[in-house]
Amino acid sequence: MYNIDLSGQVALITGSSRGIGAAIAKQLAAAGASVGINYRSNADAADRVIDQIRAAGGEALRVPGDVSDENAAEAVVKTTADRLGRLDILVNNAGITRDRLLMRMNAADWDEVLTVNLRGTFLPTRFAIPLMVRQRYGRVVNVSSVVGLSGNPGQANYAASKAGQIGLAKAIAREVASRNVTVNAVAPGFIEVDDGGGMTGELNEEQRSQVLSRVPAGRFGSAEDVATAVLYLVSPAASYITGQTITIDGGMTA
Ligand code: NAP
């Protein structure tokens, strides 16, 4: 039996004020990591996550900032490392959608999604990797999507950004593997988050049952289903897994 123990480690989870990011932050904190809680605008939501982590005996720090902005991304990474003492784990989770069929998609829809989802993955990684290489240890996980593997109508911008996160992980994995730094991706399917938001919150009843008919497991995934996979990938136990994508979709793309 292998227990995942992250005590003494520091993790930064982007977009962790709610949804999947909040679940990842809570699981990493429960395993002993000190966690940086990042978000762009909703400070109250971030404070609720921090209160929950502290109430459970964990350590959490509020590190607001738009991760697609170069100066902000650098400040988020630096503040986390300075205030919590080091940086071992980066989870690139912040993401948005602006869904439209291609023929109605304009350049602003494209730019916004690619900027937050892909540039917002590149920048924190760019600032975190040198710290990890220097300490000869690190774990990076990009929260991608099954849509990045299979595509989805109405999501050309989102699918491209999510496929991009996978290519980015593979390239960087090859650059830093010899320094004991791993870079992987997870590709969640349809995940239901507690606050009713996230990407499944927008589905009506008919769409929900249509989606469920495509999921062999017969249920939506939970944010915890994703967090558990991330917890494994960021653990010392996963040291020989890099450049990979774990799909968490109840068998939908099997
Ligand atoms: P969510 O509930 O909408 O939460 C998004 C989080 O990202 C919030 O904390 C938000 O903070 C933050 N954020 C957005 N833009 C940001 C920026 N520029 N800089 C910093 N933080 C930013 O999303 P979710 O459903 O949990 O999804 C999380 C990730 O999982 C996304 O990458 C998504 O693509 C992926 N995913 C989700 C599903 C699903 O079914 N839910 C499926 C597959 C993949 P503010 O509120 O303060 O802006």
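Colleague: What makes the ligand's approach to the side chain of serine 17 a polar contact?
Modeller: This is a predicted model, mind you. In it, an N or O atom of the serine 17 side chain sits 2.6 Å from an oxygen atom of the ligand. The cut-off for such a pair is 3.5 Å, so 2.6 Å qualifies as a polar contact.

Colleague: And how do you know that arginine 18 makes a polar contact with the ligand?
Modeller: Here a side-chain N or O atom of arginine 18 is 2.7 Å from a ligand oxygen. That is within 3.5 Å, so the pair counts too.

Colleague: What about isoleucine 191, where is its N or O atom relative to the ligand?
Modeller: The backbone does the job there: an N or O atom of isoleucine 191 lies 3.1 Å from a ligand oxygen. With the limit at 3.5 Å, that passes as a polar contact as well.

Colleague: How much of the ligand does the protein cover?
Modeller: On its own the ligand has 900 Å² of accessible area, and the protein covers 95% of that.

Colleague: Which elements give two or more residues to the shell?
Modeller: Those are α1 (19-30) and α6 (156-176). There are 29 residues around the ligand, and Ser17, Arg18, Ser41, Asn93 and Tyr158 come nearest. By type, the shell has 11 nonpolar, 14 polar and four charged residues.

Colleague: On to the sheet. Why are β3 and β9 called edge strands?
Modeller: The strand order is β3-β2-β1-β4-β5-β6-β9, an open sheet of seven with parallel pairing. β3 (60-62) and β9 (245-248) each pair on one side only, which means they are the edges. From one strand to the next, the twist averages 20 degrees.

Colleague: How do you know that β5 and β6 pair?
Modeller: Pairing takes at least two bridges, and β5 (residues 138-143) and β6 (residues 181-188) have six, so they pair, in the parallel sense. One of the matches is valine 143 with its bridge partner valine 186 in β6.

Colleague: Which strands do the two helices touch?
Modeller: α1 packs on the sheet against β1 (10-13), β2 (34-37), β4 (89-92) and β5, and its direction makes about 175 degrees with that of β1. α6 also packs on the sheet, touching β4, β5, β6 and β9, at about 160 degrees to the direction of β6.

Methods: Residues are numbered from 1 along each chain as its sequence is written. This is a predicted model: local features need pLDDT of at least 70, side-chain atom pairs count only at pLDDT 80 or more; totals for chains, interfaces and linings use all residues. Side-chain values use heavy atoms; hydrogens and water are left out. A residue is near a molecule or strand if one of its heavy atoms lies within 4 Å of it. A polar contact is a pair of N or O atoms within 3.5 Å; within protein, one must be able to donate a hydrogen and the other to accept it, and residues adjacent in sequence count only if both atoms are side-chain atoms. Accessible areas come from the Shrake-Rupley method with a 1.4 Å probe; for residues, only the protein chains shown count as cover. Helices (H or I, at least four residues) and strands (E, at least two) are DSSP runs, numbered from the N terminus. Ala, Val, Leu, Ile, Met, Phe, Trp, Tyr, Cys and Pro count as nonpolar, Asp, Glu, Lys and Arg as charged, and the others, Gly among them, as polar. Axes are lines fitted to C-alpha atoms, for helices over the stretch in contact, and angles run from 0 to 180 degrees between N-to-C directions. Contact means heavy atoms within 4.5 Å.
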